[in-house]
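Work through the exercises below with the sequence and the 3D structure in view. Try each task before you read its solution.

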Amino acid sequence: CEKGKQWVQALQLFLDMVDGRVERNAIAYSAAVSACEKGRQWVQSLQLFRQMVSDRVERDGIVFSAVVSACEKGERWEH
């Protein structure tokens, strides 16, 4: 989904993980953030990034980079 620019489907699969009782880990978050970044959905990227703290998932360089890239593509440096 990420590579096919189908960020909505990728995000929905990510959200469905909770219903399926699958733990959302750093890899899942990174994939969802990257899909949103590629779809130029900087708000969604930031929301996921913040949600990682609530879910106690460690944020790594990959997810930081994807969020920065999403903000850059959306010209949202002030957030």
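**Exercise 1: The overall fold**

Read along the sequence, the protein chain shows the pattern α-α-α-α. The model is predicted, so local features need pLDDT of at least 70 and side-chain atom pairs count only at pLDDT 80 or more, while totals for chains, interfaces and linings use all residues. Residues are numbered from 1 along each chain as its sequence is written, and side-chain values use heavy atoms, with hydrogens and water left out.

Task: State how many helices and strands the protein chain has, and what share of its residues is buried.

Solution.
1. Helices (H or I, at least four residues) and strands (E, at least two) are DSSP runs, numbered from the N terminus. The protein chain has four helices and zero strands.
2. Buried means under 20% relative accessible area, exposed means over 50%, and partly exposed lies in between (1.4 Å probe, protein chains only). Of the 79 residues in the protein chain, 33% are buried.
3. Accessible areas come from the Shrake-Rupley method with a 1.4 Å probe, and for residues only the protein chains shown count as cover. The protein chain exposes about 5200 Å², and carbon and sulfur atoms supply 50% of this area.
4. Contact means heavy atoms within 4.5 Å. Take the contacts between residues at least 6 apart in sequence: 55% of them join residues at least 24 apart.

**Exercise 2: The length and sides of two helices**

Task: Check the span of helix 1 and of helix 4, then find on which side their buried residues lie.

Solution.
1. The expected span of a helix is 1.5 Å times one less than its number of residues. For helix 1, with 13 residues, this gives 18 Å; the end C-alpha atoms are 19 Å apart, which agrees.
2. The buried residues of helix 1 include A10, L11, F14 and M17. They cover an arc of only 100 degrees around the axis, so they are on the same side of helix 1. The arc is that of the directions from the helix axis to the C-beta atoms.
3. A general rule helps here: an α-helix has 3.6 residues a turn, so residues three or four places apart point the same way.
4. Helix 2 and helix 3 are among what covers the buried residues of helix 1. After helix 1 comes R21, whose phi is positive, near 60 degrees.
5. Helix 4 also has 13 residues and should span 18 Å; its end C-alpha atoms are 18 Å apart, which agrees.
6. In helix 4, the buried residues are V63, A66, V67, A70 and C71. Their arc around the axis is only 135 degrees, so they lie on the same side of helix 4.
7. These buried residues of helix 4 pack against helix 2 and helix 3. The exposed residues G61 and I62 are on the face of helix 4 turned away from its buried side.

**Exercise 3: Aromatic pairs**

Task: Count the aromatic pairs and classify each one.

Solution.
1. A pair of aromatic rings is described by the distance of the centres and the angle of the planes. Rings of Phe, Tyr and Trp (its six-membered ring) pair if their centres lie within 6.5 Å; planes under 30 degrees apart count as stacked, over 60 as edge-to-face and the rest as tilted.
2. By this rule there are two aromatic pairs.
3. The ring centres of F14 and Y29 are 4.8 Å apart and the planes are at 65 degrees, so this pair is edge-to-face. F14 is in helix 1 (residues 7–19) and Y29 in helix 2 (residues 26–38), 15 residues apart. Both F14 and Y29 are buried.
4. For F49 and F64, the centres are 4.9 Å apart and the planes at 80 degrees, so this pair is edge-to-face. F49 lies in helix 3 (residues 42–54) and F64 in helix 4 (residues 61–73), so the pair ties together parts that are 15 residues apart in sequence.
5. F49 is buried, at 12% relative accessible area, whereas F64 is partly exposed, at 40%.

**Exercise 4: Two buried residues**

Task: Which residues do S45 and A70 touch, beyond four places in sequence?

Solution.
1. S45 lies in helix 3 and is buried, with a relative accessible area of 0%. S45 is in contact with V33, C36, E37, V67 and A70.
2. A70 is in helix 4 and is buried at 0% relative accessibility. A70 touches E37, W42 and S45.
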